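Please open the structure in your viewer and keep the sequence beside it. The tour below suggests what to select at each stop and then says what is there.

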Amino acid sequence: MSYLNAKADDYLPLRDVAFQKLRQAILRGELVPGQRLMEIQLAEQLGVSRTPVREAIRMLEQDGLAIMIPRRGAVVAKISGKNLKDVLEVRLALEELAVQLSCLRMEEEDFAALLEANKEFAETASGEDIVKMAEADEHFHDIIYKASDNMRLVQLEMQMREQMYRFRIEHLKEKTKRNALIEGHREILEALRRRDGDAATKAIRSHIRAQEIIVMKKIEEF
């Protein structure tokens, strides 16, 4: 299991190193839904004691990536349709507010940054690194949130980020839909540049609805 090869980081506690390794393995699909997270085995693979692994598993539980099952222990959490709908309902409300505020408050440098971010996403979408794609997609949306000039909104988005991230990863695994994502970004950008709040809201709804349809289909296949 090469994905669990941990390298010492002088700036991070071992708990955080273990958490990041396990999180990436779950998001990449290397640790699959329902798989047991066995402390002793994981500690040996990571080259650490059981304590940081136990703490890392608790962190995964807080992020919704692991659950504790009586008499079985911690396992990788399954993606449920209910959880998907709950998360995307909140995301849609946040994104709609973000584009509406940004229509009024975006400046030229924000438009330039958004255009560059979509180019960056398009470049990563042609590759195989799902995590880089997710980060590029996240970056595109982050620019819109920051351009809203509402720090409470930005904070709410950051609190939801981990919950959204797993669904974003599952969406991006669908290679045939990546061009539609790029086009969706372009539609959002153009609506924002025209300062057309209604069009921007419609574009963001379509963008998120497409994600729900694709991920829900994947959930049904698990």
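A residue counts as buried when its relative accessible area is under 20%, and as exposed when that value is over 50%. The model you are looking at is predicted, and the tour starts with a single residue before turning to the whole chain.

Select alanine 43 first, which you will find in helix H2, the run of residues 39-46. Its relative accessibility is 4%, and because this is under 20%, alanine 43 counts as buried. Show its surroundings next: leaving out residues up to four places away in sequence, alanine 43 touches Val48, Ser49, Arg50 and Val53. Then add alanine 18 to the selection, since the two alanines are 25 residues apart in sequence while their C-alpha atoms lie 8.7 Å apart in space.

Now zoom out to the whole protein chain, which has 9 helices and 2 strands, arranged along the sequence in the pattern α-α-α-β-β-α-α-α-α-α-α. Taken along the principal axes, the C-alpha atoms fill a box of roughly 55 × 40 × 35 Å. The radius of gyration is 19 Å, which agrees with the value near 17 Å that a compact globule of 222 residues would have. If you colour the chain by burial, buried residues make up 46% of the 222 residues.

Select residues 66-76 to bring up the two strands, where S1 (residues 66-69) and S2 (residues 73-76) run antiparallel and are joined by 4 bridges. Within this pairing, isoleucine 67 of S1 stands opposite valine 75 in S2. The hairpin has 3 residues between its strands, and arginine 71 there takes a positive phi near 65°.

Move on to histidine 185, which lies in helix H8 (residues 178-193). Is this histidine buried or exposed? With 0% relative accessibility, histidine 185 counts as buried. Its contacts, apart from neighbours within four places in sequence, are with Asn118, Phe121, Asp137, Phe140, His141 and His207.

Keep His207 selected for the last stop, the largest pocket, where His207 is one of the residues that lie nearest the centre, together with Ala180, Leu181, Ser206 and Ala210. The elements that give two or more residues to the lining of this pocket are H8 and helix H9 (197-221), and H9 gives the most, with 6 residues. By class, the lining has 6 nonpolar, 4 polar and 3 charged residues, and the space in the pocket comes to about 190 Å³.

Terms used: Residues numbered from 1 in each chain as written. Predicted model: local features only at pLDDT ≥ 70, side-chain atom pairs only at ≥ 80, totals over all residues. Heavy atoms only, no water. Buried < 20%, exposed > 50% of the residue type's maximum accessible area, 1.4 Å probe, protein only. Contact = heavy atoms within 4.5 Å. Pairing = 2+ DSSP bridges. 1 Å grid on protein atoms, 1.4 Å probe; cavity = no way out; pocket = protein on both sides within 12 Å on 5 of 7 lines; lining within 4 Å. Points joined across faces, edges and corners; volume = space filled by probe spheres on them. Nonpolar A, V, L, I, M, F, W, Y, C, P; charged D, E, K, R; others polar. Rg over C-alpha atoms; globule rule 2.2 N^0.38 Å.
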